[in-house]
Amino acid sequence: MLSYLLKRLVATIPVMLVVAVFIFLLLRLTPGDPAAMIAGDYATEAQIAEIRENLGLDQSLLSQFGIWTGNILQGDLGESYFFKKTVTELIASRIEPTLSLSVLTILLTVAIAVPMGVISAYKQGSWLDRIVMGFSVIGFSIPVFVIAFGLIYVFSLQLGWLPVQGYKRLGDGVLPWLRHLILPSLALTVIFVAFIARMTRTSVLEVLGEDYIRTARAKGQTETKVLIRHALRNAAVPIVTVIGFAFAILIGGVVVTESVFSIPGLGLLTVEAVLNRDFPTIQAVVLLFSFLYVLINLLIDLSYTILDPRIRY
Amino acid sequence: MTSQAISPTRQVVGRLVKNPSVMIGGILVALIVIMAIFAPLLGTIDPNQTSTSTRLKPPGYEGVMKIYTEEGRVKIPVTYHMGSDDLGRDIYSRVVYGARTSLIIGLSVAAISITLGMTIGLIAGYFRMLDAIIMRVMDGLMAIPAILLAFALVAALNAGLLSVIIAIVVPEVPRVVRLVRSIVLSIREEPYVEAAITAGTRIPTLLMRHILPNTIAPLIVQGTFIVASAIIVEAILSFLGLGVPAAETPTWGNIIGKARENFQVHPHQIFYPSIFLAITVLSVNMLGDGLRDTLDPRFAKRV
């Protein structure tokens, strides 16, 4: 187990290195002075000169990359001249909304998608199955902002039940926090459910044909227990794997959803950074999300031993 | 006996026609393509024509556009089937012309990523030396969530149609490379490939004539799904104001993005382009699902 963990950790190094090189080159390969680009439209001449010095722009590309990576590894992500803050501070102040939105979405999705997938596999070919599958195609096809505007129209504008946009910190009370998060996480859930329900259905269908399911039924186990304890348990590995892959889709969805609902999280920060060509922030956010994505998929790999004791590393 | 055998092409066509997803998706896609091509003939006016006297009008409003040209003021009677936006532009015309942008971007992204991905995938699958390096680079690119990669590229390039296409192509290429490479790896072990090698077939001929044809069916399927996802990503970029500028070219994404400010009072400005966007992506996805089931049964079993 430990040697496998070590092997997997070492394997993520080249992946993160490619990510870092790409993000580094992004700025160097664009025409124009990288220092002026980093500084943005709001910096003074003196600041640009200082950045030029810090980046080591007079040195070779390789040593520039060394300086840049060294800074990042020490937790120095640079400074945003647009927001007038260090990027680290900026990111720290934006984590809570994004984390709240993502966690709520994942919880909602798993609570809806897994039962949906199991039931539609159990009743394969029935009208219920068709509805679930049809819904999942729609989830693939409708951009998250379209769903978001539909939800705002019905629940905020017509019924007046929930706020149109904005965010309240968890520290200011759970209820206002939840009220502001319901619509954004519902919008995201619709997209996310499509993937997870489809995958759950496929893997449960595969398991339902196995001998041990017949054995469980033969010994008089109730259908619910057969489905949950025998079928779902054995289908868990592919389901969890697809949740890992879908994390990339979730990140994309979070960026858009935060922007529709004006939630001041990392997603909205990314959009603001791109609109203002605030490169230190763009680079940091892309790096951070890619790192998280790799990390989550690593954790999911490791969770296989718990989900399926037959898997041993 | 041979006279009764049905040719493989006719078999495939027969299966395609029988598949409801292919037929419904295909017909809807065809209608949207026709709408895009014949946009000027569908009762539209210049989608970028602004008119201060007819701003933010409801659907069905009949008004007069006052346009200032070199010859003086010209009055044009206009029926705003879908209302007008905050600059008095006709939303119906913008939605109809918007189909062009979506389709151009969807098709060119698919064509470019398939061509690039196929070339790189063939090289990675056939030349062991390059495989490790190419696949590490692809793994790295795939570790960056697609939307963020597109964002970063859009920020680095100048705004415009070409930048948007590049920004959507780059995240798609690694996925095509993976697909092609996996096919090449399994095909190169086939006896007929080994026979061709023994017979002294040169590598370019081997790749083009014996290996490449095996990738066509999966790539058609993959290409269809790329069209759908490219249309969505373009809409997201333009909606956020990072894509094609609204003043230059109307796209469904930037019409929706522009209408955000007035959403509470004029929600229809968002609904019309949204419906077209959703139906287009849905029908392309249906077509893709159907093509996958008929052309590539092995692939269908996997997902």
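Here is a quick look at how chain A meets chain B, with helix H1 of chain A as the main character.

This is a predicted model, with local features needing pLDDT of at least 70 and side-chain atom pairs counted only at pLDDT 80 or more, while totals for chains, interfaces and linings use all residues. Residues are numbered from 1 along each chain as its sequence is written, and chains are lettered from A in the order in which they are written.

The contact (C-beta atoms, placed from the backbone, within 7 Å) draws 37 residues from chain B and 38 residues from chain A. On the chain B side, these helices (DSSP runs of H or I, at least four residues, numbered from the N terminus) each give at least two residues:

| Helix of chain B | Residues |
|---|---|
| H4 | 128–143 |
| H5 | 146–156 |
| H9 | 216–239 |
| H11 | 268–295 |

Now for H1(A), residues 2–29. Its buried residues (20 or more other C-beta atoms within 10 Å of their own, all placed from the backbone) include A:Val15, A:Phe22 and A:Leu27. Their cover includes H2, H4 and H12 of chain A, plus H4 and H5 of chain B.

How does H1(A) pack against H4(B)? The angle is about 70° and the axes are 8 Å apart, using lines fitted to C-alpha atoms over the stretch in contact, with angles from 0 to 180 degrees between N-to-C directions. That makes the pair roughly perpendicular (65 to 115 degrees). A:Pro14, A:Val18 and A:Val19 are among the H1(A) residues involved, and B:Arg136, B:Asp139 and B:Leu141 are among those of H4(B).

Technical notes
Contact = placed C-beta atoms within 7 Å. Expected span 1.5 Å × (residues − 1). Buried ≥ 20, exposed ≤ 12 C-beta atoms within 10 Å, placed from the backbone. Parallel < 35°, antiparallel > 145°, perpendicular 65-115°, else oblique.
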